[in-house]
Amino acid sequence: MQALATQQGITLHWVAPASPAVVVQADAGGLGRALANLLSNAIKYNRPAGTVSVSVVEQATEVRIEVADTGPGLNASQLAHLFEPFNRLGREGGAIEGTGIGLTLSRRLAEQFGGRIEVHSVPDMGSTFTLVLRRPPPG
């Protein structure tokens, strides 16, 4: 994603997790696709000279991978339709390429792993998409 960020003039910040190895219940390929989509969207839909921050927050039973951007954010109406397939939230005729299925796919992948995607967004301030995944049972 660094190449896309550089091309778009976006700065990436990576916050390393507290432990050297974070283990979650997920398929590596599916997890990679879900994360790539969240990062790609954060870069593509950001503002010029914006920032994308990625952090991993470890909790007792789950791991939260947070992708935060400084883009235009989403209003309540857009949030209500965010995960609808092929709905690009009014950006269909814009310069940003996409089909409108990436978030739908990412959400389905997260659910297959027993996880979820949470979204917090403030218009004119940015958005944070959090991929929440379960940790494997102890033992």
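Two strands pair if DSSP finds at least two bridges between them. Keep that rule at hand, because strands and helices here are DSSP runs numbered from the N terminus, helices being H or I over at least four residues and strands E over at least two.

This is a predicted model, in which local features need pLDDT of at least 70 and side-chain atom pairs count only at pLDDT 80 or more, while totals for chains, interfaces and linings use all residues. Residues are numbered from 1 along each chain as its sequence is written, and side-chain values use heavy atoms, with hydrogens and water left out.

**Stop 1: the whole chain**

Start with a cartoon view. You should find four helices and five strands, and from the N terminus they follow the order α-β-α-β-β-α-α-β-β. Of the 139 residues, 36% are buried, where buried means under 20% relative accessible area, exposed over 50%, and partly exposed in between (1.4 Å probe, protein chains only). Now switch on the surface: the accessible area is about 7,700 Å², and carbon and sulfur atoms hold 57% of that area. These areas come from the Shrake-Rupley method with a 1.4 Å probe, and for residues only the protein chains shown count as cover. Among contacts (heavy atoms within 4.5 Å) with a separation of 6 or more, 65% link residues 24 or more positions apart.

**Stop 2: the sheet**

Next, select the five strands. They make an open sheet in the order 1-2-3-5-4, with mixed pairing. Strand 1 (11–15) and strand 4 are the edges; each has a single partner strand, so one side of each has no neighbour in the sheet. On average, neighbouring strands are turned by 15° against each other, direction ignored. For such angles, axes are lines fitted to C-alpha atoms, for helices over the stretch in contact, and angles run from 0 to 180 degrees between N-to-C directions.

Zoom in on strand 4 and strand 5, which are antiparallel and joined by seven bridges. Two places to click are Glu118, which stands opposite Thr130 of strand 5, and His120, whose bridge partner in strand 5 is Thr128. The hairpin of these strands has three residues between them. Asp124 lies in that loop and has a positive phi near 70° although the residue is not a glycine. Is Asp124 buried or exposed? Its relative accessibility is 62%, so Asp124 counts as exposed.

**Stop 3: a buried glutamate**

Move to Glu62 in strand 3 (residues 62–69). Its relative accessible area is 16%, so Glu62 is buried. Which residues is Glu62 in contact with, leaving aside its neighbours within four places in sequence? Show Val57, Arg116, Val132, Leu133, Arg134 and Arg135 to see those contacts of Glu62.

**Stop 4: helix 2**

Now add helix 2, which packs on the sheet and touches strand 1, strand 2 (51–58), strand 3, strand 4 and strand 5. The direction of helix 2 makes about 170° with that of strand 5. Pick Asn41 in this helix: at 17% relative accessibility, Asn41 counts as buried. Then draw a distance from Asn41 to Gly102; the two are 61 residues apart in sequence, yet 8.6 Å apart in space, C-alpha to C-alpha.

Follow the chain into the loop between helix 2 and strand 2, where Ala49 lies. Ala49 is not a glycine, but its phi is positive, about 60°. With 66% relative accessibility, Ala49 counts as exposed.

**Stop 5: helix 4**

Gly102 leads you to helix 4 (residues 102–112), whose buried residues are Gly102, Leu103, Thr104, Ser106, Leu109 and Ala110. Among what covers those residues are helix 2 (28–44), strand 4 (116–122) and strand 5 (126–134). Helix 4 lies across strand 4 and strand 5, at about 135° to strand 4. After the helix comes Gly114, with a positive phi near 85°.

**Stop 6: rings**

Finish with Arg107, which lies over the face of Phe83 at 4.5 Å from the ring centre. A charge sits over a ring if NZ of Lys or CZ of Arg is within 6 Å of the ring centre and within 35 degrees of the ring normal.
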